[in-house]
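Thank you all for coming. I would like to walk through one model this morning, going element by element, and I would ask you to keep the display in view while I talk.

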Amino acid sequence: MEILIVEDEPEIAHLIQLYLEKEGFSCRVCRDGLTALQVFHEQKSDLIILDLMIPGLDGLEVCARIRQKRGAKDPYILMLTAKGEELDRIIGLSPGADDYMVKPFSPKELVARVRALLRRSLRQGGQSQVFRTQHFQIDLDQRLAQRSSDTDQLEPLDLTTLEFDLLATFMSYPGRVWNRTQLIDKLWGSNFFGDERVVDTHIARLRKKIEPDPANPTFIKTVIGVGYKFEDPTA
């Protein structure tokens, strides 16, 4: 697996690289946002460890630009920052980051987070599985999500990796109520160390892309005191 480390503090970058290479990952380090974008387009990393405060383009802008121009390889993005307030966590995830760590952090925990992201079962290949409902179709093998238009034609949905996996999870178990812990286990795996409320952030982002009125969702319903469920009649 190719991992791109974008960190302007040499000691931290070297520490991250050292621990990841010990685990068998191939790493490349960049110190600023513009170089990071150039390197990513050249080598198409599987995962990017992205510091929020870097020279040139900051981490949020780098993350947003990568998500705007996704190609055949859509990387996982783990954001690093020295800020720990809840607002900063939400801002850090808003442009499409998959996970978030606050400095100072344990290198072993970071490695565990990286492995958890790369192990997500819905990202792995295998037999083609297609799930269809009245308004949506999702192909796990091709990683293609589509929604019916007003003319009943299928139009592709522009989803991040995690948004795709979240929608796939919902569509594979329509009507099932999921709490935050269950969704984290399904999408991040058992090595997740973050705040469970990150699920709410990704639900809100997914709703903005698939709901006619995200403030009054039709498909992804909130079950008060429990979690979330997906409702759409099967095709």
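**Two sheets, a cavity and a cis bond**

Let me begin at a turn: in the hairpin of β11 and β12, where three residues sit between the strands, G225 takes a positive phi near 80°. As a reminder, most residues other than glycine have a negative phi. I should say at once that this is a predicted model, and everything that follows is to be taken in that light.

Staying with the hairpin, β11 and β12 run antiparallel and are joined by four bridges, and within that pairing T222 has Y228 in β12 as its bridge partner. On its other side, β12, which covers residues 227-230, is joined to β10 by two bridges, again in the antiparallel sense, and here W178 is the residue that stands opposite Y228. Taken together, these strands make an open sheet of three in the order β10-β12-β11, with antiparallel pairing, and the edge strands, each pairing on one side only, are β10 at 177-178 and β11 at 220-223. Across β10, β11 and β12 lies helix α6, residues 161-172, which runs at about 70° to β12.

Just ahead of this hairpin there is an aromatic contact that I would like to point out. The structure holds two aromatic pairs, and one of them is formed by F136 and F219, in an edge-to-face arrangement with 4.8 Å centre to centre and 85° between the planes. What does this pair tie together? F136 belongs to strand β7, residues 136-139, whereas F219 is in the loop between α8 (198-210) and β11, so the pair links parts that are 83 residues apart in sequence.

Now to the other sheet on my list, which is open, has five strands in the order β2-β1-β3-β4-β5, and is paired in parallel. Because β2 (26-30) and β5 (99-102) stand at the edges with a single partner strand each, one side of each is left without a neighbour in the sheet. Neighbouring strands here are turned against each other by 20° on average, if direction is ignored. Looking at one pairing in detail, β1, residues 2-6, and β2 are held in the parallel sense over five bridges, with V6 standing opposite C30 in β2. Helix α3, residues 59-68, lies across β3 (47-51) and β4 (76-81), and its direction is at about 170° to that of β4.

If we follow the chain beyond β5, we come to the loop between β5 and α5, where P104 is found, and the peptide bond leading from K103 to P104 is cis, with omega near -5°. By way of context, most peptide bonds are trans.

Finally, the interior. How many cavities of 30 Å³ or more does a search of the whole structure find? The search finds two, and I will describe the second largest, which has a volume of about 40 Å³. Its lining consists of L15, I16, Y19, L20, F105, P107, L110 and V111. Two elements, α1 (10-22) and α5 (107-118), give two or more residues to that lining, and α1 gives the most, with four. By class, the lining has eight nonpolar residues, with no polar and no charged ones.

Note on methods. Residues numbered from 1 in each chain as written. Predicted model: local features only at pLDDT ≥ 70, side-chain atom pairs only at ≥ 80, totals over all residues. Heavy atoms only, no water. 1 Å grid on protein atoms, 1.4 Å probe; cavity = no way out; pocket = protein on both sides within 12 Å on 5 of 7 lines; lining within 4 Å. Points joined across faces, edges and corners; volume = space filled by probe spheres on them. Nonpolar A, V, L, I, M, F, W, Y, C, P; charged D, E, K, R; others polar. Pairing = 2+ DSSP bridges. Contact = heavy atoms within 4.5 Å. Axes fitted to C-alpha atoms, helices over the stretch in contact; angles between N-to-C directions. Phe/Tyr/Trp six-rings, centres within 6.5 Å; stacked < 30°, edge-to-face > 60°.
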